[in-house]
Amino acid sequence: MTSPSPACVEGATVLAQERLTEDVYRLTVATTTGGTPGQFYMVRSWDREPLLARPISIHKMNEDTVSFLYQVCGRGTELLARLEEGGEVTLTGPLGHGFRIGELRGRIAIVTGGIGIAPTFCLACMLPVRDVTVIAGFESTPYAVAELLTLGVDVRVATEDGSDGTRGFCTEIFDPPAFDTVVTCGPMPMMARVAQLCAGAGVPCQASLEARMACGIGACLVCPCPTVQGNQRVCADGPVFDAAEVIWHA
Amino acid sequence: MLETTLCGVTLKNPVIAASGTFGFGAEYDDFFDVGKLGGICTKGLTLHPREGNPGLRVWETPAGMMNSVGLQNPGIPVFLERELPRMRTLDTAIIANVGGGDLEEYVEGIRLVSGAEGVDIVELNISCPNVHEGGMAFGIDSDVAAGVVAAVRRVCTKPLMVKLSPNAEDIAAMAIACEQEGADAVSLVNTFKALAVDIHTRKAVFDNVTAGLSGPCIKPIALRMVWEVARAVHIPVVGIGGIATWQDALEFIMAGATAVQVGTATFIKPTTMLDIIDGLERYCANEHLTSLSTVCNILGTVPNCNILRRIP
């Protein structure tokens, strides 16, 4: 799939801000810039402080909106969470290389941890839903699961505190041989485990990585991902990588 | 109106993309016509490829950021073969920024780069704070720096600009030493050596412990250094350090800079440099200036230090 050219959009209007849990929000913005599942935008709703925009993946999109699912974890996301309908954000994107959807065949597992569930919705929309199983892990209360169920996707939940689904990590309810292709997005240790399980079972796996970024477009080299081919840029060469090529323990 | 001559090279305007913030130019060509810039400094190049530093490489600070990239680059031969031909299509001055781990790597690197068609200026980087050997190790002591400049001057067939570190013991003495050894210009400043601590892990944030600070927070100090240096040498000075607006750029020019480089501010907004160029054009028009040189180096006061002084 060819990715659309990135653009800078100043003053994109906030259409909705939904609080899904204590610290997880969904921001929907009017923009026609779209993207492909797994791509991201550099997002800011402030002028100079903090200095940098925040890289956030596409959660949902259509011709004239993009939604971001995000967790408040610092100054930038705190400011985003204060936005209300009618507010404005500055977007740069869509950026990076998303999931290689053509390579997702047969029975497809999407294994996510926490806010790593963000790109799952737009990805699932482009897949034959009855072949898709989402295995989603959360610390506690799940979020962004209901929409996946309405799509008709099989969703299996694990929570660390046992408040929903199976108690434990999502990797404990993930059985790689049951699938033909796997996608994963979540914390690095969790994705490393998924990659290891997939490698053991000979199942191809695409991993979507997260990193602190400055430019977001491949110029500054502050978001390296060590791979068998040397350092790659999470922003421009990724964020989706072949899990077998990532050096997880680096 | 903004056309500027920098050591014999004609620039469309005095606004140059700073090394390490603009890749090899093509990355930003998706966002705007980079041919509108005065020039582009390449990512810091070394003769041999470098993987850069492990661990976290970026940390935000109030009005700034710290980086610890560590000169990750494909090596000069790969740059010449793969990146330079593409850069030459961008229609802007190409300034090749060259670092090195030791004197020999500097000399061989600059011999190769300066011989390449399309490279307009060589920027000698003796100021990277993020590599253990080389880099800033050559940019602290004026005598050590003089040795590097003298050695690369002998092989450099292009105008030679030396990028200075704000961590130098005496920035004006450093600039004078570079001028005496044949530098055609100096650019300053590179990043400030800085520290961030993770209070939860009780460790330094960066594997290298220290990292380089850039952004608006360093601007007043960088400006003072440019002012001091502009009064100490007769070669052109290129101002760098936290420039984010046309007013910032103009401050550096008034303090003595012939041109400016913009780095971190491009991360705030990819088209920042175009805004700066537009702002400078409007300023010249409003002030009825035919050239920015009219307002270059116009601060009358003489710094209180015993250095060779420039006569205005």
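**Notebook: a sheet and a helix pair**

I started with Val182(A), which stands opposite Cys205(A) in β13(A). The model is predicted, so I noted its filters: local features need pLDDT of at least 70, side-chain atom pairs count only at pLDDT 80 or more, and totals for chains, interfaces and linings use all residues. Residues are numbered from 1 along each chain as its sequence is written, while chains are lettered from A and ligands numbered from 1 in the order in which they are written.

Next I looked up the strands (DSSP runs of E, at least two residues; helices are H or I, at least four, both numbered from the N terminus). β12 (residues 181-185) and β13 (residues 205-208) of chain A pair in the parallel sense over four bridges; pairing takes at least two DSSP bridges.

Then I traced the open sheet in chain A: seven strands with mixed pairing, in the order β11-β10-β9-β8-β12-β13-β16. Its edges are β11 (166-167) and β16 (240-242) of chain A, each paired on one side only.

Over in chain B, I checked α7 (residues 246-254) against α9 (residues 272-286): their axes come within 8 Å and cross at roughly 65 degrees. That makes α7(B) roughly perpendicular to α9(B) (65 to 115 degrees; under 35 is roughly parallel, over 145 roughly antiparallel, the rest oblique). Axes are lines fitted to C-alpha atoms, for helices over the stretch in contact, with angles from 0 to 180 degrees between N-to-C directions.

Who touches whom? Trp246(B), Ala249(B) and Leu250(B) in α7(B) meet residues of α9(B) including Ile276(B) and Tyr283(B), contact being C-beta atoms, placed from the backbone, within 7 Å.

Technical notes:
Contact = placed C-beta atoms within 7 Å.
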